[in-house]
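User: Could you take a close look at one part of this model for me, going slowly and explaining the terms as they come up? I am in my first year, so a connected account would help.

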Amino acid sequence: MDFGGGDEIRFERLGKAGVVTLTRPQALNAVTHRMVKALDKALRSWERDDGVDVVVVKAEGSRAFSAGGDILHIYEAGRAGNPPVDFFADEYQLNARIARFKKPYVALIDGIVMGGGVGISFHGSQRVMTENAQFAMPEVGIGFFPDVGASHLLPDLGGSFGMYLALTGNRIRYGDALWSGLASHTIKAEDQAGFLDRLAATGDPESVLRSCFIPARRETDRPTLEAIARHFAQPSLAEIISSLERAAAADEFAAKTLATIRTRSPTSLHVAWRQISAGLTLSMDECMKMEFRILNRMLAGHDFYEGIRAAIIDKGSTPQWRPASLDAVSAADVDAYFAPLGERELKL
């Protein structure tokens, strides 16, 4: 089945299932513009096709479901004065389409899932992770922000766990993902092929998942979860930081978390705190419009390009954020990221 996408993404009909496979394992299945357009086309077609009862998205290779968007391409285009706003518009429209897709949409995640990979998996009805899966939204570490609908996903997690993930960029495994509600099911990696066969035969993900669901224990212990809930529920970013500072002398978790946050872009942290807080009362479509406003400003700013330079171009060097401290980012600076775009608003 050809919906475009070339050799980067494959579409097949297996029985009652429309199966999507990301086929760039050597690039950790990073999401390209071509893949976004092809997946959008497939979903439009399969939503109307009575022969397709369920859509499954999976990936080649066991290292990564998808480690994010094609960051290097975005960096190069932006540096050349032509930031790929169209790519993000199409990607965000796709994220919103997945969230309102009328049929079961099953993401089968075996390996790392971050950034753009989260956008094409975690808005689906069934989010299935194996013991090899790791989830992160690490954008604040590269001067960006948790996008692809993170404003919709993360605020719903109990115990301020979503705010913690957004502001640290820390990775979690499948048990924490299941416990927090990010994942809906966990299965053994070795059961994936059997799961897919049975799904293609029945078209009913819930009944198939009941038979191969293996409950995963959460990896984060109760005292740590209680500390996360205490620190990250504070009513402002400044108060989260002071809460961690007060505990840091006697508490290894607080000290380590504070040290992590201090390496992140101050601008990104302010923006992420505000978007995750705002997302609690917004619909998915409203979240995507808000994120598109932020995105346009990030692509015109400094920290995103500096973050990519430090992480990818000059691997392992320390980014020089501007402004360099949390206090130096004013409320007006943050407001500017959220200001309406007029004619350029995201169309959904």
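Analyst: What follows looks at one helix and the sheet beneath that helix, and then turns briefly to a pair of helices.

The model is predicted, and local features need pLDDT of at least 70, side-chain atom pairs count only at pLDDT 80 or more, while totals for chains, interfaces and linings use all residues. Residues are numbered from 1 along each chain as its sequence is written, and side-chain values use heavy atoms, with hydrogens and water left out.

The sheet is an open one of 6 strands in the order 1-2-3-5-7-10, and its pairing is mixed. At its edges are strand 1 (9-14) and strand 10 (185-186), each of which pairs on one side only. Here helices (H or I, at least four residues) and strands (E, at least two) are DSSP runs, numbered from the N terminus, and two strands pair if DSSP finds at least two bridges between them. Within this sheet, strand 5 (residues 105-109) and strand 7 (residues 126-129) run parallel and are joined by 4 bridges; A107, for example, has R127 in strand 7 as its bridge partner.

Helix 9 (residues 205-212) lies across strand 3 (54-59), strand 5, strand 7 and strand 10, and runs at about 25° to strand 7. For such angles, axes are lines fitted to C-alpha atoms, for helices over the stretch in contact, and the angles run from 0 to 180 degrees between N-to-C directions. Among the residues of helix 9, P205, V208, L209 and C212 are buried, where buried means under 20% relative accessible area, exposed over 50% and partly exposed in between (1.4 Å probe, protein chains only). Seen down the axis of helix 9, these buried residues fall within an arc of 100°, so they line one face of the helix; the arc is that of the directions from the helix axis to the C-beta atoms. An α-helix has 3.6 residues a turn, so residues three or four places apart point the same way. The buried residues of helix 9 pack against strand 3, strand 5, strand 7, strand 10 and also helix 8 (192-202), with contact meaning heavy atoms within 4.5 Å.

For another kind of packing, consider helix 1 (residues 33-48) and helix 3 (residues 85-99), whose axes come within 9 Å and cross at roughly 35°. Residues of helix 1 including V36, L39 and L43 take part in the contact with helix 3, where the residues met include F87, L94 and I98.
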